[in-house]
Amino acid sequence: ATCTTNAAMCCWPKDRQANDNNGNCAKPYDVNCVDKDPADNTNLCFVDMERGNASTGFDSVEGFVGFPEDNNNGEGAIHCHGLAWSNDVNDATARYKGNNLFYVSMYDHMYVRGYVENIPGAPMCGCVEQMPTVSRSDCTQVDLTESISISYDPRASGTFITRIEAVDVEFNACQGIDNRNNDLWAYMARLYYQKDITPEQFGEAGRIITDKGCSEATRYHLDEQSLTRGYDHDLSMYTKVAGREVFHDGHPFGMAAFNKVLFEHSLTKPDSLVLAPGTTQFPDGQTPIILRICPTCTKTHRKIYYCRLTPAPDGFDILNNILNYRSNNPKTGNAWNVDFTLHSTYEDAETGANPWQCPGNNFNDRAPFDGECSPSGDKVQNQWSAFNHFPGPQPNVAYYVNKPELTGVQDYLDNESINHAEGLTDVDIGDVRLEGNTWEDDGVYHMTGAGNDIFGHADQFHYKSQPWSGDIDVRVHVSSLANNGGNGWAKAGIMLRSDNSDDATTAFALLSGTEGIATHRRPSKGNNMKMSQYKPATRLTSAWLRLLKKGDVIEYYRSEDGGDSWILMLSEDLFFPDDTYRVGLAITSHRADHLAEATFEDYTIEQYMFPTSAPSLSTAPTSWQPLVDIGEPQRPGTYSSIDYTVGDYWTACGATTGSCKGQETPEPVTSTHHVRCCADTNPGGEWVSCSINGGTVFGESEVDADGTCLEDATWQQATDACAALNARLCTKEEMLGDCTRGSGCGHDNEMVWTSTEVTGDDSKENIKGSGTGIWGTSDSFAFHNHQVANGPITMEMYVKKFDNNSPHSRAGLMVRDSGDADAANAFVGAAGQDQGAVLQSRPTAGAATRHHKMIYANSDNHMWVKMTVDAGGVVTGYYKINEADGYIQLGQTQITLTGDTILVGRAVTAGEDFSSAEVTVTAQRYSYAAL
């Protein structure tokens with residue numbers, strides 16, 4: 001067999017047999033049988049010319065002929081009929097396939113019905129894999145009555161002899177699966193389930209006889225050939241403003257950008273947006289035009305020209321109304337024959353000639369843009385498209401305004417006439433759902449963006465930005481903020497951001513939808529955004545905003561006189577890695593399924609020259625001390641350690657809401673305390689339960705032998721009491737995790753025995769320090785240190801507790817060239833105000849300290865930190881949250897270590913300059929070693 005699919009099919013586009021009730025050919029032939037149609041039984045999807053090349057000889061490897069719609073809206077009437085057979089050569093379907101093919105092609109259809117000609121680019125009849133892709137095909141099968149004789153002659157060969165004496169062949173409609181008869185796809189499905197054909201054969205045939213219409217098959221083939229539907233618009237005449245599905249290359253223009261395109265740059269723009277006295281519409285010839293393209297629409301609706309007759313009402317988004325509005329009533333601002341008319345040609349739209357009519361003079365506003373209207377006034381349905389309605393009925397549409405593409409408002413990144421800054425990006429940050437974009441016109445930026453918010457621990461918004469370093473002065477006038485989503489916390493403004501990740505360190509001055517002006521700050525990567533707000537008595541529709549960066553200080557300003565004078569709203573500390581960041585414009589709709597649009601004017605960026613303090617003079621070298629105050633802190637540092645006895649057991653407060661909340665104390669086993677028991681399975685009764693570490697724990701306080709409270713017991717007595725209940729003492733983690741809260745006896749306010757034994761690792765150190773900070777060119781802090789040989793080392797510690805409100809406070813590990821206030825050093829540890837883990841360094845003596853990276857850890861600011869130093873002074877900083885976690889690298893830096901010895905240890909600073917400033921870090925498991 002030559003057909004790999006074990007199936008053949010014929011498709012005919014023409015009928016030449018009159019008066020046979022098959023097709024519409026009639027007598028007399030020269031009048032009523034010219035180019036007549038067969039009985040239509042399929043939707044012709046497309047012709048892949050490479051398939052039929054053996055028959056057609058076109059030699060077209062990439063040839064493609066598509067038929068977007070059915071019948072008179074597409075290819076006209078087409079009739080397809082086929083057959084299929086088994087892989088078993090002895091099966092009747094295989095033995096008589098030639099008879100079946102002759103019957104289907106030559107007798108039943110050409111001779112009896114008069115069906116002729118082929119689909120251009122394909123054979124009239126052929127193997128299914130050579131034929132056009134269609135939605136279905138009729139099918140004929142052979143049904144046989146065979147007479148067979150069997151003879152046996154023992155005197156001759158001694159074998160049975162069989163012979164077919166007569167065959168009666170009937171040609172009937174195929175019997176397919178699910179009682180689907182006369183259907184080639186269903187018949188092949190039956191052969192597949194009977195294992196007469198292979199999955200590959202059925203699959204290949206199923207890609208040509210789709211059984212599910214044409215849409216997906218056509219799209220798949222176009223994608224396979226790297227082809228897309230489209231419209232090659234005239235760049236000298238049109239600008240694309242919206243498109244969906246195959247026309248989608250970004251989300252639609254926002255209101256301000258669209259209005260400027262339509263009313264200021266259209267080739268038929270009005271001389272004035274103010275209507276002349278006594279008139280209700282623009283003068284003739286001064287009516288902007290919108291073109292809608294729809295290649296899959298009926299012929300009359302493939303190009304529709306919208307003639308705009310009136311200005312846009314204040315705040316009315318014409319394009320959004322066209323794309324999305326569906327209602328029983330017209331929207332004020334876009335009513336048929338009041339604000340617009342529809343036409344079939346550009347010339348008619350330009351002159352107002354031949355406007356479309358609507359059935360009963362009624363435009364159906366539930367069918368956006370076309371209203372089910374037509375050139376003749378007949379009702380034409382399902383030609384509309386709504387961008388917020390999927391899938392259609394017409395998904396592949398695009399809209400163009402008669403404005404030259406390369407004039408006026410243009411895509412900012414695509415505009416080659418603009419000298420873009422190196423490293424500039426115009427991107428969506430986070431999961432925004434709808435794409436944003438930036439358009440520009442003579443220095444005015446129109447930006448759209450979606451996203452849930454710029455807040456919390458991660459953001460979703462649109463951001464046009466460029467790289468920057470050092471100090472900066474950036475200003476902008478947010479002249480409008482439109483938000484179809486209607487959320488009062490839509491936001492647009494100027495932003496400094498460490499990078500384009502969604503949880504980056506951020507400073508943001510913004511105008512909101514209805515909530516006034518606000519400032520946002522994320523102090524470290526992954527941290528929570530902080531906010532302050534200025535909300536005047538009346539709603540702001542525009543705002544002048546300014547950000548001024550001076551070293552590690554960000555100043556937020558607003559102006560009420562057009563940028564002539566500035567009001568300081570807030571000043572905050574913020575650290576960018578290596579003093580590098582991005583600066584730009586940002587917008588979020590605060591509603592992921594809607595776009596907001598902002599217009600930015602007078603946007604300026606300038607380097608700000610902020611004077612730095614002169615390097616301080618180094619003090620005279622001093623002899624080494626384990627606890628030393630570097631610089632001149634306000635108060636001397638102190639150090640204390642608590643060493644616990646191995647073999648003691650921890651007691652813990654019964655609840656985080658109790659009077660002893662958070663307390664944990666090691667006690668000797670001979671002391672007496674309250675008792676609470678835990679169980680991993682429910683013992684019954686009134687035991688409380690909780691989930692912890694992926695499991696369930698049950699707790700009870702009434703555990704004495706008589707079912708009462710046990711309040712004064714040694715550790716062993718407590719253990720035995722729980723064991724008698726087939727339970728155990730609770731762990732310290734379970735107690736501090738509130739896992740047994742509310743289990744009775746008032747133990748929520750008491751210290752209760754736990755099963756957690758004290759180990760050597762439980763010992764802790766408290767280091768208290770004052771000082772103005774480890775920053776700038778000179779430091780002021782407490783340093784508990786060790787003097788070691790200058791060489792490769794590693795250090796590690798657990799920051800158990802470090803609570804304070806200064807962004808400049810620090811507690812962690814330090815390597816330092818000397819005890820001088822301006823000495824080269826590197827620090828990795830916890831940053832105050834719960835900013836997280838930080839790596840910073842001073843590369844050489846007297847240089848300014850450099851901030852490398854800061855990542856939010858948790859709201860308690862507890863973490864493990866680690867530092868390694870190699871022989872060349874390359875310092876690597878790490879952090880992790882839990883002991884079992886793997887370390888995460890914060891970064892690397894290099895410092896100059898000059899002497900034979902260096903100082904390593906724990907550094908603590910309050911980061912404040914008032915006289916009583918003081919902070920304490922509680923640390924555990926500190927270690928250092930030479931490598």
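Let's start with a word we'll need: a residue counts as buried when its relative accessible area is under 20%, and as exposed when that value is over 50%. Keep in mind that you're looking at a predicted model.

**Exercise 1. Work out which way the side chains of strand E18 (residues 437-441) point, and whether they are buried or exposed.**

Step 1. Recall the general pattern: in a regular strand the side chains alternate between the two faces of the sheet.

Step 2. Now sort the residues. Asn437, Trp439 and Asp441 point one way from E18, while Thr438 and Glu440 point the other way.

Step 3. Check the cover. Both groups turn out to be buried, and that makes five of five residues in E18.

**Exercise 2. Find the partners of E18 and place the strand in its sheet.**

Step 1. Look at one side. Two bridges link E16 to E18, and the two strands run antiparallel. Here Gln410 has Glu440 of E18 as its bridge partner.

Step 2. Look at the other side. E18 and E19 are joined by five bridges, again antiparallel, and Trp439 is paired with His446 in E19.

Step 3. Follow the chain from E18 into E19. They form a hairpin with two residues between them, and Asp442 in that turn has a positive phi of about 55°.

Step 4. Carry on from E19 (residues 444-449): five bridges tie it to strand E32 (residues 596-607), running antiparallel. Thr448 finds its bridge partner in Glu597 of E32.

Step 5. Put it together. Eight strands make an open, antiparallel sheet in the order E16-E18-E19-E32-E23-E28-E29-E30. Strand E16 (410-411) and strand E30 (567-573) are at the edges with a single partner strand each, so one side of each has no neighbour in the sheet.

**Exercise 3. Name the edge strands of the seven-stranded sheet that contains E17.**

Step 1. Write down the order: E17-E22-E31-E24-E25-E26-E27, an open sheet with antiparallel pairing.

Step 2. Read off the ends. Strand E17 (425-429) and strand E27 (530-534) each have a single partner strand, so one side of each is left without a neighbour in the sheet.

Step 3. Add the twist: neighbouring strands of this sheet are turned by 20° against each other on average, direction ignored.

Step 4. Zoom in on one edge. Five bridges connect E17 with strand E22 (residues 461-469), and Ile429 sits opposite Phe461 in E22.

**Exercise 4. Why do the buried residues of helix H7 line one face?**

Step 1. List the buried residues of H7 (residues 215-224): Ala217, Thr218, His221 and Leu222.

Step 2. Look down the axis of H7. These buried residues fall within an arc of 130°, so they line one face of the helix.

Step 3. Recall the geometry: an α-helix has 3.6 residues a turn, so residues three or four places apart point the same way.

Step 4. See what each face meets. The buried residues pack against strand E3 (44-48), strand E4 (64-66) and strand E8 (133-134). Turned away from that buried side are the exposed residues Ser215, Glu216 and Glu224.

**Exercise 5. Where is the largest pocket, and which residues lie nearest its centre?**

Step 1. Get its volume: the largest pocket holds about 950 Å³ of space.

Step 2. Check the lining. There are 24 lining residues, and Glu664, Lys732, Tyr798, Lys800 and Gln924 lie nearest the centre.

Step 3. Place it in the fold. Helix H12 (732-736), strand E42 (764-769), strand E45 (793-801) and strand E54 (919-930) give two or more residues each to this lining.

Methods. Residues numbered from 1 in each chain as written. Predicted model: local features only at pLDDT ≥ 70, side-chain atom pairs only at ≥ 80, totals over all residues. Heavy atoms only, no water. Buried < 20%, exposed > 50% of the residue type's maximum accessible area, 1.4 Å probe, protein only. Helix = DSSP H or I, 4+ residues; strand = E, 2+ residues; numbered from the N terminus. Arc of directions from axis to C-beta. Contact = heavy atoms within 4.5 Å. Pairing = 2+ DSSP bridges. Axes fitted to C-alpha atoms, helices over the stretch in contact; angles between N-to-C directions. 1 Å grid on protein atoms, 1.4 Å probe; cavity = no way out; pocket = protein on both sides within 12 Å on 5 of 7 lines; lining within 4 Å. Points joined across faces, edges and corners; volume = space filled by probe spheres on them.
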